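This report is meant for a reader who is meeting the structure for the first time, and it takes up a few local features in turn. Please look over the sequence and the model before reading on.

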Amino acid sequence: ITFAINQSDAVTAVSESLKQDTYQYFKITKDIHVIPNFINLEDYKSGVNPCQRKTYAPYGEKLLIHISNFRKVKRVDDVLRIFGLVKKKIPSKLILIGDGPERSHIERLCRELDTCGDIHSLGKIVSPEKILPVADLFLLPSETESFGLAALEAMASRVPVISTNTGGIPEVNKQGYSGFMSEVGDIEGMAKNALFI
């Protein structure tokens, strides 16, 4: 990796955090330029379809959503635990989008927490921008993210973000503006912020 980067004509990173990590872990002699990930806002103009929202929240429950590849680093178990705490305070449903190695663990955990009946698992979908607008809140409790593109997609859909404050996420999610951030693993803090929104 070091050789490939140092032999490149130009080097970019999607966040200042990833740039600094690259300098820390590799002997890089090249300048790294930050070019953040971006999306086409035109793709996120559809707004909320009331009929679609009723599919997931038939009695007007609050809708929380999470999108990831269900790896350990995404801490999807924290998503379920945060949802469990929120659900105890206000009627809520959770939409999970994605798939990956933690899926069977998540299915066991929802049975333990007795929340399976309130979770819609949609698996992998091609166009998250068609589902995101129905949500009231996006959960991103990752251990680390180099950028947090899913959070940006949620914001483009006018959905506030509850996230951790690690990696490149603070460059995307602005505390008190686009959502709230907590330390990794602070399930109670993220649930409290979710209830505040």
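A disulfide joins C110 to C116, with a distance of 1.9 Å from S to S. The model is a predicted one, and by the rule applied here the count comes to one disulfide. The link of C110 and C116 is right-handed, with 95° about the S-S bond. As for the surroundings of the two cysteines, C110 counts as buried at 10% relative accessibility, whereas C116 is partly exposed, its relative accessible area being 30%. Another cysteine, C51, counts as exposed at 60% relative accessibility.

The aromatic rings come next. The count of aromatic pairs comes to one, and this pair is formed by F180 and F196, whose rings meet edge-to-face, 5.5 Å centre to centre and with 85° between the planes. Because F180 lies in strand 8 (residues 179-182) and F196 in helix 7 (residues 187-196), the pair ties together parts that are 16 residues apart in sequence. Is each partner buried or exposed? F180 counts as buried, with 18% relative accessibility, while F196 is exposed, with a relative accessible area of 64%.

Helix 7 also has a buried side, so to speak, in its list of residues: I187, G189, M190, A191, N193 and A194 are the buried residues of this helix. These buried residues pack against helix 4 (76-89), strand 6 (137-140), strand 7 (161-164) and strand 8. Strand 8 is thus named twice, since it holds F180 of the aromatic pair and is among the elements against which the buried residues of helix 7 pack.

Between strand 7 and strand 8 runs a loop, and T166 lies in it. T166 counts as buried at 18% relative accessibility. Leaving aside residues up to four places away in sequence, T166 touches S142, E143, T144, E145 and V184. With one of these, E143, there is a polar approach as well, for a polar atom of the side chain of T166 lies 3.2 Å from the backbone oxygen of E143.

The table sets out the accessibility of the single residues discussed above.

| Residue | Relative accessibility | Class |
|---|---|---|
| C110 | 10% | buried |
| C116 | 30% | partly exposed |
| C51 | 60% | exposed |
| F180 | 18% | buried |
| F196 | 64% | exposed |
| T166 | 18% | buried |

How values were computed
Residues are numbered from 1 along each chain as its sequence is written. This is a predicted model: local features need pLDDT of at least 70, side-chain atom pairs count only at pLDDT 80 or more; totals for chains, interfaces and linings use all residues. Side-chain values use heavy atoms; hydrogens and water are left out. Rings of Phe, Tyr and Trp (its six-membered ring) pair if their centres lie within 6.5 Å; planes under 30 degrees apart count as stacked, over 60 as edge-to-face and the rest as tilted. Helices (H or I, at least four residues) and strands (E, at least two) are DSSP runs, numbered from the N terminus. Buried means under 20% relative accessible area, exposed over 50%, partly exposed in between (1.4 Å probe, protein chains only). A disulfide is a pair of cysteine sulfur atoms within 2.5 Å. Contact means heavy atoms within 4.5 Å. A polar contact is a pair of N or O atoms within 3.5 Å; within protein, one must be able to donate a hydrogen and the other to accept it, and residues adjacent in sequence count only if both atoms are side-chain atoms.
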